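Hi,

Here is the structure I promised to pass on. Have a look at it first, and my notes follow below.

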Amino acid sequence: MNFYIYLLVTAGTTYLVRMLPLVLMKGRIRSRFLLSFLHYIPYAVLSVMTVPAIFFATGDLRTAAAGFIVALVLAWRGKSLLTVAAAACAAVLAAELLL
C-alpha cells in the first residue's frame, strides 16, 4: 500500500512542477532578467551535477584534476565534445600511469 502512496505523491509533485508555470504565466515573459535566468538554468544544473562527479570519478584527485584541466582548456578553445572527452580520458590515463 505504501508503494501506491509514494507513487501518487511523486506523480503529483512531478505534474505540479510542470503544470504550475503554464497556469500561472499566461502571457509572454518580457523581463530580460527572467529570460536570461531561464536561459542559463540548464547549463548551471548540468555543471553542478557534472563537475563534482569529475573529481570523484577516479581514485586519485590529482588524476581527476589533470583530466579536468585538459578538458577545460580544450573546451575553452572551442574543440568538439568528442575531442574534449577523448583528450580528458587520455590525460587521466597518462596521469594514472605516471603516478
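Met1, Phe3, Tyr4, Ile5, Tyr6, Leu7 and Val9 make a nonpolar surface patch of about 840 Å². Keep in mind that this is a predicted model.

One member of that patch, Ile5, sits in helix H1, which covers residues 2–24. Its relative accessibility is 41%, so Ile5 counts as partly exposed, the range for that class running between 20% and 50%.

Then the aromatics. How many aromatic pairs does the structure hold? There are three, and I'll go through two of them here.

Phe3 and Tyr4, which also belong to the patch, form one pair. Their ring centres are 5.5 Å apart and the planes meet at 70°, so this pair is edge-to-face, given that planes over 60 degrees apart fall in that class. Phe3 and Tyr4 are both exposed.

The other pair is Phe55 with Phe68: the centres lie 5.1 Å apart with the planes at 50°, so the pair comes out as tilted. This pair links distant parts of the chain, as Phe55 belongs to helix H2 (residues 32–55) and Phe68 to helix H3 (residues 61–76), with the two residues 13 apart.

Are these two rings' residues, Phe55 and Phe68, buried or exposed? Neither, quite: Phe55 is partly exposed at 25% relative accessibility, and Phe68 is partly exposed too, with a relative accessible area of 24%. Buried would need a value under 20%.

Cheers

How values were computed:
Residues are numbered from 1 along each chain as its sequence is written. This is a predicted model: local features need pLDDT of at least 70, side-chain atom pairs count only at pLDDT 80 or more; totals for chains, interfaces and linings use all residues. Side-chain values use heavy atoms; hydrogens and water are left out. Rings of Phe, Tyr and Trp (its six-membered ring) pair if their centres lie within 6.5 Å; planes under 30 degrees apart count as stacked, over 60 as edge-to-face and the rest as tilted. Buried means under 20% relative accessible area, exposed over 50%, partly exposed in between (1.4 Å probe, protein chains only). Helices (H or I, at least four residues) and strands (E, at least two) are DSSP runs, numbered from the N terminus. Patches are made of residues with over 30% relative accessible area and no salt bridge: like charges are joined within 9 Å, nonpolar side chains (Val, Leu, Ile, Met, Phe, Trp, Tyr) within 5 Å. Accessible areas come from the Shrake-Rupley method with a 1.4 Å probe; for residues, only the protein chains shown count as cover. A salt bridge is a side-chain nitrogen of Lys or Arg within 4 Å of a carboxyl oxygen of Asp or Glu.
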